[in-house]
Amino acid sequence: MDMILDIASWAFISGGIIFCLIGGYGLIKLKDFYARLHAASLIDTFGVGLIFIGLMFQAGFTLVTAKLILILVFIFFTSPTATHALARAAINHDVLPDVDTEEERDLVRQTKTTKSSTS
Amino acid sequence: MMFAAAAAGVVVTMVFAMALALMGPNVYNRILAVNVFGTLSVMLIAIYGFVDGRPEFLDLAIVYALINFIGTIAVTKYVTFSDMGHGDDGDPAGDI
Amino acid sequence: MNIEIITSDALNVMTLLFMAVTAIAIARIRNLFAVVMLSGIYSLMGATLYVILDAVDVAFTEAAVGAGASTVLMIGTLALTSANENATPNKQTIKALIACTLIGFALVYASFDMPLFGDPNAPIHNHVVPRYLNDSMAEIGLPNVVTSILASYRGYDTMGEAFVIFTAAVGVIALIGRGRREKSANENMADANNVMKRKIVLRVVSKLLIPFILLFGLYVQWHGDFGPGGGFQAGVIFGAAFILYGIIYGLGTLRKALPAWLTRWLMALGVLLYACTGVVSLIKGASFLDYNVLASTPTGGQHIGILLVEFGVGMTVFASIVTIFCAFAGRAAADVNKVSAKQRSAGHD
């Protein structure tokens, strides 16, 4: 039984590490701010999620598992919210994504939510 | 052994996030880097709790996640409005 | 070698490296906003270092105060000043470098006289620590020795700390004012509909989360006897929930929910509760802040005393953090209002 739990833990933690590394590499390599948001969300969801599930297998049915679930739920709620706030702030401040044609840029500009360009 | 590998992976990703914080051309990249750094710190604390055999550290991880969120929102709001107390004046459904 | 020792040593080195890199970057980068972000990272790394050194309570406080409240307050200060640091002229650089290097070498040389890190023969491990660790359970009866040291054995110091926080908040009020906003009711009338549309995600999520954050703050306050926690951390977490509310819904709404007179009273009541616990001990015939006489048994008295003083500290810290935040944010808002009113009158916007 311990063996199965250990193998499951190893599998999940390895998956989590791989997603973290991919996300981290994407943070550096991608040139566009909005693409970097996608890379960061990899870390925030799959990275944290898989590693914590691997840790939960090690902890068993105790209070520790309950706290890990709590942290996970909290991060799942707050990380997309922070990304959303950041992306909206960037759009409102004329940070344009890496699009090719001018009409696509106009489409992006239309999604701004403030009528005047604030400082 | 697996905890050491997990900690190593998280530290490598932290190096990436720090590189983004140092090089990111505009301010939004830096805010994103700090946010990612905070989430990685949460993971590092949780993993380290298991390495040391003291799961009380998880309270700490909850606080980090919380502080990370509030800090990101505060900074984003400052950058948008140049002021952090900016409210919904005149909003008829002002929630209290 | 043991894999755990290797892991914690490696983590130690990596954390210190991160802190060094961040410190160099903070000194070299001119954009003050980036500096504030990097100092947030620095505090996070500091807290991680404390965790690796097994000091969980300190890490708790460093995370809550250093990475959270400090970053928010620095951002508030940035709103009042310019965004870039001025370049200093390169006149005295060589002399300054030589002076710093000499002093650095002197400090390192002085540190050779200190006992090695973790040395069991160090004086601290032979006098104070055995007394606390051996007698704490019998005299005070709390599982968390850090809380018993903080609140009972070193109760005077903690009272001083609570008063320091209280004084800081009083100083901010005296210098900046209470952050009362002028009633600019027609400031966002035109954008009222936009406001509803654009903030819906943040409003809903914060409404979901704030009750749980408050509950967690209370948990940290009362659970400080058994696990990491206590008054300082709980006060900051509780205050952080209200700061989140103020950030998302606006300072005016926050002040309606938590009026200024209430935070003033709570600030003072917290330190008053702490001092009065000591006075009650005096009245009952023991020395100041000796909790043994507060109940029928010494351990019971210690429990009651620690409960009361931690609660007092929590109240003071909570009220102080909210007051300081409101003062900073209100001041910045007043300045922004003046600027935008001028622009509007000049025909811009």
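**Exercise 1. Place Leu21(A) in its chain and find what it touches.**

Start with the secondary structure: Leu21(A) sits in helix α1 of chain A, which covers residues 2-29. This is a predicted model, so everything here is read from predicted coordinates.

Next, look at burial. Buried needs 20 or more C-beta neighbours within 10 Å, and exposed means 12 or fewer. Leu21(A) has 18 inside 10 Å, so it counts as partly exposed.

Now list the partners, skipping neighbours within four places in sequence. What's left is Gly9(B), Val12(B) and Thr13(B).

Finally, take a ruler to Ala35(A). Leu21(A) and Ala35(A) are 14 residues apart in sequence, and their C-alpha atoms are 16 Å apart in space.

**Exercise 2. Check the lengths of α2(A) and α2(C) against the expected helix span, then see what follows each one.**

Take chain A to begin with. Helix α2 of chain A runs over residues 33-59, which is 27 residues. The rise is 1.5 Å a residue, and the count to multiply is one less than the number of residues. That gives an expected 39 Å, and the end C-alpha atoms are 38 Å apart, so the two agree. After α2(A) comes Gly60(A), with a positive phi near 80°.

Now do chain C. Its helix α2 (residues 32-52) has 21 residues and should span 30 Å; the end C-alpha atoms are 30 Å apart, so this one agrees too. As for its surroundings, α2(C) is mostly covered, with 19 of its 21 residues buried. The residue with a positive phi that follows α2(C) is Asp54(C), near 75°.

**Exercise 3. Compare Asp54(C) and Leu289(C): what are their phi angles, and is each one buried or exposed?**

Here's the background: most residues other than glycine have a negative phi.

Begin with the angles. Asp54(C) has a positive phi of about 75° without being a glycine. Leu289(C) isn't a glycine either, and its phi is positive at about 60°.

Then find their places. Asp54(C) is in the loop between α2 and α3 (56-78) of chain C. Leu289(C) is in the loop between α13 and α14 (298-345) of chain C.

Last, count neighbours. Asp54(C) has 12 C-beta neighbours inside 10 Å, so it counts as exposed. Leu289(C) has 22, so it counts as buried.

**Exercise 4. Describe the largest nonpolar core and follow one of its best-connected residues.**

Size comes first: the largest nonpolar core has 156 residues. The residues with the most contacts inside it are Ala17(B), Leu60(B) and Ala61(B). This core also takes at least three residues from each of domain 1 (1-88) and domain 2 (144-182 + 189-349) of chain C.

Now follow Leu60(B). Setting aside neighbours within four places in sequence, its contacts are Ile45(B) in its own chain, plus Val51(C), Val56(C), Ala59(C), Phe60(C), Ala63(C) and Pro228(C).

To finish, look at how the two chain C domains meet. Here 14 residues of domain 1 are in contact with 18 residues of domain 2. On the domain 1 side, the touching residues are nine nonpolar, four polar and one charged.

**Exercise 5. Profile chains B and C by helix count, burial and contact range.**

Chain B has three helices and zero strands. Of its 96 residues, 72% are buried. Among its contacts with a separation of 6 or more, 43% join residues 24 or more positions apart.

Chain C has 14 helices and zero strands. Buried residues make up 42% of its 349 residues. For contacts with a separation of 6 or more, the share from residues 24 or more positions apart is 70%.

**Exercise 6. Where should you be careful when reading chains B and C?**

Look at the whole complex to start: the predictor gives an ipTM of 0.86 and a pTM of 0.85.

For chain B, the mean pLDDT is 80, and 83% of residues reach 70 or more. The pLDDT stays under 50 over residues 88-96 of chain B, where the model still has 25 contacts beyond four places in sequence.

For chain C, the mean is 83, and 87% of residues reach 70 or more. Among its elements, helix α13 (residues 260-283) has the highest mean pLDDT (93) and helix α9 (residues 192-198) the lowest (45). Residues 182-197 of chain C are below 50, with 20 contacts beyond near neighbours in sequence. Residues 343-349 of chain C are below 50 as well, with four such contacts.

The reading rule is simple: where pLDDT is low, the predicted coordinates should not be read in detail.

Note on methods:
Residues numbered from 1 in each chain as written. Chains lettered and ligands numbered in written order. Predicted model: local features only at pLDDT ≥ 70, side-chain atom pairs only at ≥ 80, totals over all residues. Core = buried A, V, L, I, M, F, W, Y, C linked by C-beta atoms within 7 Å. Domains from an automatic or database assignment. Contact = placed C-beta atoms within 7 Å. pLDDT = per-residue confidence, 0-100. Nonpolar A, V, L, I, M, F, W, Y, C, P; charged D, E, K, R; others polar. Helix = DSSP H or I, 4+ residues; strand = E, 2+ residues; numbered from the N terminus.
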